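I opened this entry to keep track of what I looked up. The structure comes first, then my notes.

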Amino acid sequence: VLRVAADAGPSAAADLDAQFDEAPLRSQSLLGESRGQMDSPYEYAVSVLGRVCKSSEAMVAEALAKCGFPSAGTLSASQTTRNALVTALEETLHKAGLSSPLMLHERNFLSRVVQQYDSLGGYGLRRAIGAIVSARAHLGWTTYGHTGTDVMLHAYGPGSEQLRGSMENIDIGKAIAAMMGWDLAELTSQIGRPAFAEQDLRGRYAAFANWD
């Protein structure tokens, strides 16, 4: 499981996500190379996930420690140090439960992320480790922390018969509002304009703060 780096705020993490998701660093591309094609949205390898005994954060920290915690400047200037870090990441992945050595495209993927350490930092390395494990498990992600699979929900009591079968997530809220007799548009107007953090009013996401 991946988490946003503690040293990166929401805005910084979003900017890093944008860089990371540019080809050829997309985890979807890695998944396609690992698998060839997706023939079933639910076919994933639980055994791969079950063998991994460390988080991406712990693995990256261990690999960086093996290399003496090189600075971004050192990694940028030294191909030898970059190669050493890629090898350390591979060894750490294997030690943490990845059953076989990295394939060529996986190692190349790690190398590209290490080359961008000055902009992606440890966050990029954690994303890369997570992408490799996910690809091995045939697990795709629709966002940084969500897969596209259905989620099982259970309902009981009065009105639960209206929550049956496969439903879009937005329809669940509409069904509950109808059962409760709520006018969502009216309630939303009573809430008023939400408060936004100062950093959300600037930069690439400012448009999302200007809605009525």
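I began with a term: helices here are DSSP runs of H or I with at least four residues, numbered from the N terminus. By that count, leucine 184 is found in helix 10. I also noted that this is a predicted model.

**Entry 1: leucine 184 and its patch**

Is leucine 184 buried or exposed, or in between? I found a relative accessible area of 41%. Partly exposed covers the range between 20% and 50%, so leucine 184 is partly exposed.

Next I looked up the nonpolar patch on the surface. Leu184 belongs to this patch, together with Ile176, Met179, Met180, Trp182 and Leu187. Together they have about 540 Å² of accessible area. Two elements give two or more residues each: helix 9 (169-180) and helix 10 (184-191). Helix 9 gives the most, with 3 residues.

**Entry 2: alanine 178**

I stayed in helix 9, where alanine 178 is found. Its relative accessible area is 59%. Exposed means over 50%, so alanine 178 is exposed.

How far apart in space are alanine 178 and glycine 159? I got 10.0 Å, C-alpha to C-alpha. In sequence, alanine 178 and glycine 159 are 19 residues apart.

**Entry 3: helix 4**

I moved to helix 4, which spans residues 56-66. Which of its residues are buried? My list reads Ser56, Met59, Val60, Glu62, Ala63 and Leu64. I then asked what covers these buried residues. The cover includes helix 6 (79-95) and helix 8 (117-136).

I also checked what follows. Glycine 68 sits just after helix 4 and takes a positive phi of about 75°.

**Entry 4: the largest nonpolar core**

How many residues does the largest nonpolar core have? I noted 25. The residues with the most contacts inside this core are Leu85, Leu89, Leu93, Leu110, Val114, Leu125 and Ile132. Helix 4 turns up again here: helix 4, helix 6, helix 7 (104-115) and helix 8 each give two or more residues to the core. Helix 8 gives the most, with 8 residues.

**Entry 5: cysteines**

I searched the whole structure for disulfides and found 0. I then looked up two cysteines. Cysteine 53 has a relative accessible area of 58%, so cysteine 53 is exposed. Cysteine 67 comes out at 24%. Buried means under 20%, so cysteine 67 counts as partly exposed.

Note on methods. Residues numbered from 1 in each chain as written. Predicted model: local features only at pLDDT ≥ 70, side-chain atom pairs only at ≥ 80, totals over all residues. Heavy atoms only, no water. Buried < 20%, exposed > 50% of the residue type's maximum accessible area, 1.4 Å probe, protein only. Contact = heavy atoms within 4.5 Å. Core = buried A, V, L, I, M, F, W, Y, C linked by side-chain atoms within 4.5 Å. Patch = residues over 30% accessible without salt bridge, like charges linked within 9 Å, V, L, I, M, F, W, Y side chains within 5 Å. Areas by Shrake-Rupley, 256 points an atom, 1.4 Å probe, with all protein chains shown as cover. Salt bridge = Lys/Arg side-chain N within 4 Å of Asp/Glu carboxyl O. Disulfide = S-S within 2.5 Å.
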